[in-house]
Amino acid sequence: MAAGWLLVFSLTLFQSVVMNHSSEGPFPSPTTIKAWVDKMQEDLVTLARTASGVDRLAEIYLKNAAMYTVEANNPRQLVEIAARDIEKLLSNRSKALVRLAKEAEKYQASHQWRDEFGNNDIIYYNAKDDQNDPEKNETESGSQRIRPVFEDDPVFRRQTSYQHAAVHIPTDIYEGSTIVLNELNWTAALDDVFKRNREEDPTLLWQVFGSATGLARYYPASPWVDKSRTPNKIDLYDVRRRPWYIQGAASPKDMLILVDASGSVSGLTLKLIRTSVIEMLETLSDDDFVNVVSFNNNAQNVSCFNHLVQANVRNKKKLKEAVYKISAKGITDYKKGFSYAFEQLLNHSVSRANCNKIIMLFTDGGEERAQEIFHKYNEDKKVRVFTFSVGQHNYDKGPIQWMACENKGYYYEIPSIGAIRINTQEYLDVLGRPMVLAGEQAKQVQWTNVYLDALELGLVITGTLPVFNLTREQNGKINQLILGVMGVDVSLEDIKKLTPRFTLCPNGYYFAIDPNGYVLLHPNLQPKLHRLDFSTPSLCGVVHAIQTDTRATV
């Protein structure tokens, strides 16, 4: 404090001297001012050395020279040690992940499907119980709710219970449906595996099983609390939309989204198409490549991208902005659209996933089949074609159904806004079938890029492993469905502990970059302070637009 006051006094004195000289006589010469500055510098250095005790520290350093040695750092060795420690941490997490996936497949294979459940046959903790209507009859769906005893957890920085797992079911899925009750039934056995993993490794964080039906079971149990307490806020979280699930559920893909922008799709149909395309983009991860093309009489890129680009956050944002600007005019020419799409997909001069190749067609229907185009570009059926009939109309659906069936794809209908989310992610089940048939060869632990945890753990990376359906159909064929994805989190804080900065020079630090070019570790890498919002503004905008257009029509 005294040093601070002395500095203020010196600066004030200097200002006073200059002002006095300027008022009484000529301004001081440069030589005089330099002498003042040199004197002030000398006084400030003396003040700093006295206040900081640096001379005393130097004296202690020299006095105890026999008690330490000064050694030069070996940067390569430091990096190798840090990399080895991080690899060991991820390897330990991977062991827990592999055990969970194997046990899940075993439990599901031995599970007997039930069409009906009696009251209280299914016992589980619904993580959204605090948000649900307390007067709701819990026995209507044949299930009984657990009420865990929660305690404040310093690791997760929220209330948890290590005695139970929690279940999150998306808002648009009926928790009393037969398929959900069966999933709740067989996944209940995973709770013991969760606990056993934690006994072997107490440092484990979230362990999660994301089901292909949308159900998520995670351990330890923790309430799905909306801390903002926003009135009438709808929980739109769906585990199938999370980056770790998307990465684990399918192999990398090259996707060309083909949008019908002819005059017949104007109005509500165009709004539904825009929202459907945006939802489709959300099903892609950084391992995928994508572009969006619109067509009518001619085909053109909707954005500045003239080829497939990596489906990272920045590129998807650019594509979404461009999709909103698509306008409807002209007539439908499927030949022009598919020719343009195939040429982009078959262009090997740019970076791409080089795995699954897909064309997603969004249209209101048409009479043309473009057979000669498929014969020219896709005779070997290496490109799958998925078609979406959007809107309510009376057009012939036969041609676009044929396009999908003849090119190893599927046909879907999106008559209204409620069908968008479910139908734009169904294709992942189809792409997962080759992984199931490949068996153990396709089972490799993958680690995601850094992202913000939905349960407020901060920045994390997640190890993922697909869970396969090992049952057989009545004809003896292997069931080709993916049950879901298993995930285990690793906090960036845990990784930082393995890269201590005190081993480096004062200004040194570790940093790491993942294969996709994203920063994995850096001192300045910090999460945004706001909580994740799983609402879907685009859907709300379409609802408003539909209501407005409906009123205008009436």
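**Notes on the pockets, cavities and two local spots**

1. Starting with the second largest pocket: its lining divides by class into twelve nonpolar, ten polar and eight charged residues. This is a predicted model, so read the points below with that in mind. The pocket has a volume of about 730 Å³, and 30 residues line it. Nearest its centre you'll find Ile-179, Glu-183, Thr-213, Leu-481 and Leu-483.

2. Which elements each supply at least two residues of that pocket's lining? They are the helices α5 (178-187), α7 (243-249), α13 (420-423) and α14 (427-438), plus strand β18 (482-491). If you want one element to start from, take α5, which gives the most to the lining of the second largest pocket, with four residues.

3. Now the enclosed spaces. The count is two cavities of 30 Å³ or more. The largest cavity holds about 170 Å³ of space and has 16 lining residues. Val-208, Tyr-237, Trp-244, Asp-453 and Leu-455 are the ones that lie nearest its centre. By class, its lining has eleven nonpolar, two polar and three charged residues.

4. Strand β18 turns up again here: it gives the most to the lining of the largest cavity, with three residues. β7 (216-219) also supplies at least two. So β18 is worth a look in both places, since it is listed for the second largest pocket and for the largest cavity.

5. The second largest cavity has a volume of about 40 Å³. Its lining includes a run from the Ile-246 and Gln-247 pair, along with Ala-250, Ser-251, Pro-252 and Lys-253. Ser-285, Asp-287, Asp-288 and Gln-446 complete the lining. By class that makes three nonpolar, four polar and three charged residues.

6. Thr-462 makes a handy landmark. It sits in strand β17 (residues 459-468). Is Thr-462 buried or exposed? Buried: its relative accessible area is 1%, and the cut-off for buried is under 20%. Leaving aside neighbours within four places in sequence, Thr-462 is in contact with Trp-244, Gln-446, Trp-447, Thr-448, Tyr-451, Gly-487, Val-488 and Asp-489.

7. Two of those contacts link back to the cavities. Trp-244 is among the residues nearest the centre of the largest cavity, and Gln-446 is in the lining of the second largest cavity; Thr-462 is in contact with both. As for Val-445, it is 17 residues from Thr-462 in sequence and 9.8 Å away in space, C-alpha to C-alpha.

8. Helix α8 (residues 268-281) is one to check by eye. Its 14 residues reach 20 Å from first C-alpha to last, close to the 20 Å expected at 1.5 Å a residue. How many of those residues are buried? Twelve of the 14, so the helix is mostly covered. Among the buried ones are Leu-270, Leu-272, Ile-273, Val-277, Ile-278, Met-280 and Leu-281. The buried set also takes in Arg-274 and Glu-279, along with Thr-269, Thr-275 and Ser-276.

9. Last, the overall picture. The protein chain has 16 helices and 20 strands. Buried residues make up 45% of its 554 residues. Of the contacts between residues at least 6 apart in sequence, 74% join residues at least 24 apart. The accessible surface of the chain comes to about 29,300 Å², with 54% of that belonging to carbon and sulfur atoms.

Note on methods:
Residues numbered from 1 in each chain as written. Predicted model: local features only at pLDDT ≥ 70, side-chain atom pairs only at ≥ 80, totals over all residues. Heavy atoms only, no water. Buried < 20%, exposed > 50% of the residue type's maximum accessible area, 1.4 Å probe, protein only. Contact = heavy atoms within 4.5 Å. Areas by Shrake-Rupley, 256 points an atom, 1.4 Å probe, with all protein chains shown as cover. Expected span 1.5 Å × (residues − 1). 1 Å grid on protein atoms, 1.4 Å probe; cavity = no way out; pocket = protein on both sides within 12 Å on 5 of 7 lines; lining within 4 Å. Points joined across faces, edges and corners; volume = space filled by probe spheres on them. Nonpolar A, V, L, I, M, F, W, Y, C, P; charged D, E, K, R; others polar.
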